[in-house]
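Grab a pencil and let's work through a protein together. Try each exercise yourself before you read the solution.

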Amino acid sequence: MSLLNVQGMTKTFGGLTAVNDVTFQVPERSIISVIGPNGAGKTTFFNLITGIYTPDRGSIDLGGRNLLGLRPDQVVDAGISRTFQNIRLFPSMTAEENIMLGRGVRLKSGFWDAVLRSGRFKHDEQEARDTARIMLDFVGLSKWRNELATNLPYGDQRKLEIARALATTPRLVLLDEPAAGMNPRETEDLKALIRRIRDDLGVTVVLIEHDMRLVMTLSENITVLNYGSKLSEGRPHEVRNDPAVMEAYLGRGAAAGEYGKEAGPNV
Ligand SMILES: Nc1ncnc2c1ncn2[C@@H]1O[C@H](COP(=O)(O)OP(=O)(O)OP(=O)(O)O)[C@@H](O)[C@H]1O
């Protein structure tokens, strides 16, 4: 049974249809990729699922619960967390504090609890710190616990964002271009981490990614968007060999080389 069910999702900006009647299903404990040329509507699609934008049409449910109309923080509470295409850490806070802040969404103490440092606040703070340490350990960043986020190597900043997303104990995590700017070794580490997120934590993963080698070797299923519409869907080898997908990429000139080379002939 699907964990996430998106039906007929549509979003227009003025005269531009950024996401056009997209239906998308994500089985529980799967790793799914959403790919497509620049401007295809991938990030808008994530923004619709996470409550940043409201769709013009369509439905979204997670495990049978309707998510339409929820605010982004309510979507997190419902079990979906995400990372962003551009790193969004608090640079002058430590790695641990960045994760504690992510955990804050889940905590119950309010403003006055914090001001008065009530028992509830202290309990929540300790719980957030414990979770942050577990997550730092999980993504392999324990040594950076007290380091300012801005001082971490680029690939580790991306991992820290993932740790922050996981700290909300989601059922589904959406990763927007997690390998962007990573070198090949960092990308290999990331691949292993994403597998562990699914295998060890039981969290379902959907990623937007341009690195075709990563997409083809990691995903169970791939959805291809083009001009806002779903162009293709299937197993990696099916999508790779779909003439419509090749045309969408080959039509981009320089991207043709990128697709052919990165995907590799025998993946
Ligand atoms: N808030 C907005 N207002 C107007 N147009 C928008 C807005 N957000 C996205 N768009 C447009 O919608 C289209 C899809 O953009 P989107 O960022 O979702 O594509 P993408 O597939 O994520 O691209 P990329 O791979 O380059 O990140 C683009 O034409 C973009 O300019």
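Below are five exercises, each with a worked solution.

Before you start: this is a predicted model, where local features need pLDDT of at least 70, side-chain atom pairs count only at pLDDT 80 or more, and totals for chains, interfaces and linings use all residues. Residues are numbered from 1 along each chain as its sequence is written.

**Exercise 1. Take stock of the protein: how many helices and strands are there?**

Step 1: The protein has 11 helices and 10 strands. Both are DSSP runs numbered from the N terminus, with H or I over at least four residues for a helix and E over at least two for a strand.

Step 2: Of the 267 residues, 41% are buried. Buried is the word if 20 or more other C-beta atoms, placed from the backbone, lie within 10 Å of a residue's own; with 12 or fewer it is exposed, and in between it is partly exposed.

**Exercise 2. Work out which residues surround the ligand.**

Step 1: List them: Phe13, Leu16, Ala18, Gly36, Asn38, Gly39, Ala40, Gly41, Lys42, Thr43, Thr44 and Gln85. A residue makes the list if its C-beta atom, placed from the backbone, lies within 6 Å of the molecule.

Step 2: Map them onto elements. β2 (16-27) and α1 (42-49) each give two or more residues, and α1 has the largest share, with 3 residues.

Step 3: Sort by type, and you get 4 nonpolar, 7 polar and 1 charged. Here Ala, Val, Leu, Ile, Met, Phe, Trp, Tyr, Cys and Pro count as nonpolar, Asp, Glu, Lys and Arg as charged, and the others, Gly among them, as polar.

**Exercise 3. Put the strands of the open sheet in order and find its edges.**

Step 1: The 6 strands run β6-β7-β8-β3-β9-β10, with mixed pairing. Strands pair if DSSP finds at least two bridges between them.

Step 2: β6 (80-82) and β10 (229-234) each have a single partner strand, so one side of each is left without a neighbour in the sheet.

Step 3: Zoom in on one pair: β3 (residues 31-35) and β9 (residues 221-226) are parallel, over 4 bridges. Ile32 has Asn221 in β9 as its bridge partner.

Step 4: Now add a helix. α7 (residues 184-201) packs on the sheet and touches β3, β7 and β8. Touching rests on contacts, meaning C-beta atoms, placed from the backbone, within 7 Å.

**Exercise 4. Check the length of α7, then look at its buried side chains and its end.**

Step 1: At 1.5 Å a residue, the 18 residues of α7 should span 26 Å. The rule is 1.5 Å times one less than the number of residues.

Step 2: The end C-alpha atoms of α7 are 25 Å apart, which agrees.

Step 3: Leu190, Ile194 and Ile197 are buried in α7. Their cover includes β3, α6 (154-166), β7, β8 and α8 (212-218).

Step 4: After α7 comes Gly202, with a positive phi near 70 degrees.

**Exercise 5. Decide whether Thr150 is buried or exposed, and find what it contacts.**

Step 1: Locate Thr150 in the loop between α5 (119-138) and α6.

Step 2: Count the other C-beta atoms within 10 Å: there are 12, so Thr150 is exposed.

Step 3: Leave aside neighbours within four places in sequence, and Thr150 is in contact with Pro91 and Ser92.

Step 4: Finish with Met93, which is 57 residues away from Thr150 along the chain, while their C-alpha atoms are separated by 8.2 Å.

Definitions and conventions
Two residues are in contact if their C-beta atoms, placed from the backbone, lie within 7 Å. Axes are lines fitted to C-alpha atoms, for helices over the stretch in contact, and angles run from 0 to 180 degrees between N-to-C directions.
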